[in-house]
Amino acid sequence: MQRMPVRARTLAPLLLLSIWVAAPPAAAQGTVATPLSGGSVIDTSLTAAEAHDYVIRLRRGESAVLTVRQNGVDVVVELRGPDGRILDAVDSPTGRTGEERAEIMGGTGGTFGVRVRPYSPGEPAGRYRLSISEWRDARATARVLGQRARARDSAVAWLRSSAQPLRLDGLAQLRPLQQALQGARVVGLGEATHGSRELGDLRLGVTQHLVREHGFRLIAVEYSGVGLTLLNRWAHGMPVDEEERQRMVESGWIGRRPMRELAEWARTWNADHPGDRVTLVGLDAHGNARAQAIVRELLAGAYDESFVARFDSASAELGEADARAAVFGNSSVGQASHRTLLEVLARLDADAPMLAARFGADTTAAARRAARWLLQFADFNMAGPGNGRSRDWYMAVNLLDALESAPAGTRAVFWAHNAHVAISPERSPRNRTTGGYLREALGCGYRPFATSFGSGGFVAQRAADAGGRLLVASLPMAPEETLDGVMARVHDDAAFSAWPCGVENASVPGWLRDPRPMHWIGGIFDPDAPPTAAFQPFTLVRDFDGIFYLPAVTAEEPPAGWPPRRD
């Protein structure tokens with residue numbers, strides 16, 4: 001799994017705000033904090049076993065900006081308030097070089113703590129240079145805050161000019177949405193958390209509207225490919241093993257209720273529209289136990305025992321990795337298993353005509369498709385050096401393959417986290433998001449929409465919990481310096497705003513042209529993390545073509561029987 005930064009440098013303005021859900025950090029034993037003041041410069045070395053503590057005394061209304069330039073060691077800069085509680089933990093995605101930048105607003109004044117520590121115990125020894133790059137008195141601080149407020153005001157006005165109030169029963173009258181759908185082949189619908197009820201309801205409601213009113217007939221989901229193949233058969237009225245279908249519907253915790261309701265709605269739609277059906281497609285290679293069984297059954301009938309034994313060995317490793325992935329554990333797969341699965345797929349592809357003649361075209365096609373999912377899983381989880389593709393790459397590949405296999409002109413809805421739906425054009429070609437690959441392939445035929453919220457609850461897996469247990473957490477109102485906070489001012493209630501694909505930067509306020517924090521809760525959450533851990537930076541008008549905003553959300557009901565047993 002890719003490392004996510006503790007937080008990006010663009011979140012520094014959040015330090016203006018009150019602290020919540022954070023616990024006091026452990027103090028470095030036997031250390032004396034070094035005082036910092038305007039013009040301070042400290043050039044020193046740091047080993048993996050060290051943590052360096054500093055203090056800054058600010059009077060009421062003052063502020064300071066400190067910069068830490070890394071040289072051979074990746075550091076985290078932790079900031080603590082006068083009460084000792086953590087304000088922030090800054091770690092930009094710069095690795096062992098580049099700068100970490102943090103800003104402290106004095107508020108009512110007091111002594112603030114700064115700790116510089118290695119990112120992980122495995123970091124090599126290196127050096128860093130800490131400097132106070134700005135020290136502002138109360139007047140200068142007020143001037144900076146005023147400039148930021150005016151910049152946010154311009155962003156609110158620009159978003160408001162293309163926004164309308166959002167109601168699920170009024171989507172047909174939502175002009176910005178209708179305009180954004182023109183020429184769209186694929187519409188990406190993101191989510192800011194994996195476990196908020198209203199976000200799931202919003203995405204399902206918008207999808208139903210797209211099917212009914214705009215002719216979308218393919219629904220592609222960040223979900224097990226083999227699992228949705230089974231649910232799609234059920235949604236089309238085909239016979240399936242009911243016990244297996246129930247297991248698939250109730251597997252995992254991410255999106256369990258919305259997926260169940262989507263499948264039930266698709267089944268009803270298809271029964272009522274037998275000549276104009278909706279197809280469900282899973283884009284993810286996780287949850288692949290059934291895929292392993294499908295491939296093995298064909299291999300056992302077509303190839304010698306030694307080849308099947310090699311597959312069994314690779315399959316066992318995949319099964320263990322897949323189980324760990326279900327609780328966000330280490331899902332790495334060895335290179336030997338990767339090579340075996342590559343050979344299995346190559347053989348099935350090369351022998352396809354003979355296999356189809358012997359075992360049937362449908363059986364052969366199902367085994368080849370299942371083998372592709374297994375290879376994809378091994379590829380993006382491959383341990384050690386190699387040229388494996390990313391999970392986002394394969395989700396894009398699977399969606400484009402589904403479009404190619406569908407009738408000409410089919411339009412698709414794409415469900416995933418905001419992090420996958422976003423275009424993120426600044427990323428390197430090898431590390432693009434699924435949305436980035438889709439924009440490359442389809443141009444403005446791909447239109448991604450984010451979802452955000454002001455405050456509320458969600459379900460997530462507890463961070464660093466070996467058992468994969470879930471928690472229900474809640475966040476207060478998003479700060480004013482976030483995209484969520486700005487959207488809260490666009491309308492008094494829920495709202496949707498959209499803009500043209502590739503909107504010219506010159507017409508966009510400067511505040512929206514830079515990365516800004518937006519709620520971003522993945523599958524894992526640490527309730528003791530700094531407040532800014534609930535956000536990641538997005539450049540709204542470059543990463544998305546529109547945004548749905550809900551003022552408040554509530555947590556989904558955690559599923560019973562989670563985490564799953566591993567016998």
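Here is a short briefing on a sheet, the helix that packs on it, and two nonpolar cores. This is a predicted model, in which local features need pLDDT of at least 70 and side-chain atom pairs count only at pLDDT 80 or more, while totals for chains, interfaces and linings use all residues. Residues are numbered from 1 along each chain as its sequence is written, and side-chain values use heavy atoms, leaving out hydrogens and water.

**The sheet**
- Four strands (DSSP E runs of at least two residues, numbered from the N terminus) make an open antiparallel sheet in the order β2-β9-β4-β7, where pairing takes at least two DSSP bridges between two strands.
- β2 (41–46) and β7 (97–105) are the edge strands with a single partner each, so one side of each has no neighbour in the sheet.
- β4 (residues 63–71) and β7 run antiparallel and are joined by nine bridges; S63 has M105 of β7 as its bridge partner.

**The helix on the sheet**
- Helix α1 (residues 138–160) packs on the sheet and touches β4, β7 and β9 (126–136), contact being heavy atoms within 4.5 Å.
- Among the buried residues of α1 are V144, R148, R152 and W158 (buried is under 20% relative accessible area, with a 1.4 Å probe and protein chains only).

**The cores**
- The largest nonpolar core (buried Ala, Val, Leu, Ile, Met, Phe, Trp, Tyr and Cys residues joined through side-chain atoms within 4.5 Å) has 55 residues, and L280, W415, F449, F525 and F548 have the most contacts inside it.
- Apart from that core lies another of 43 residues, including A402, V486, L512 and I547.

Terms used
Buried means under 20% relative accessible area, exposed over 50%, partly exposed in between (1.4 Å probe, protein chains only). Axes are lines fitted to C-alpha atoms, for helices over the stretch in contact, and angles run from 0 to 180 degrees between N-to-C directions.
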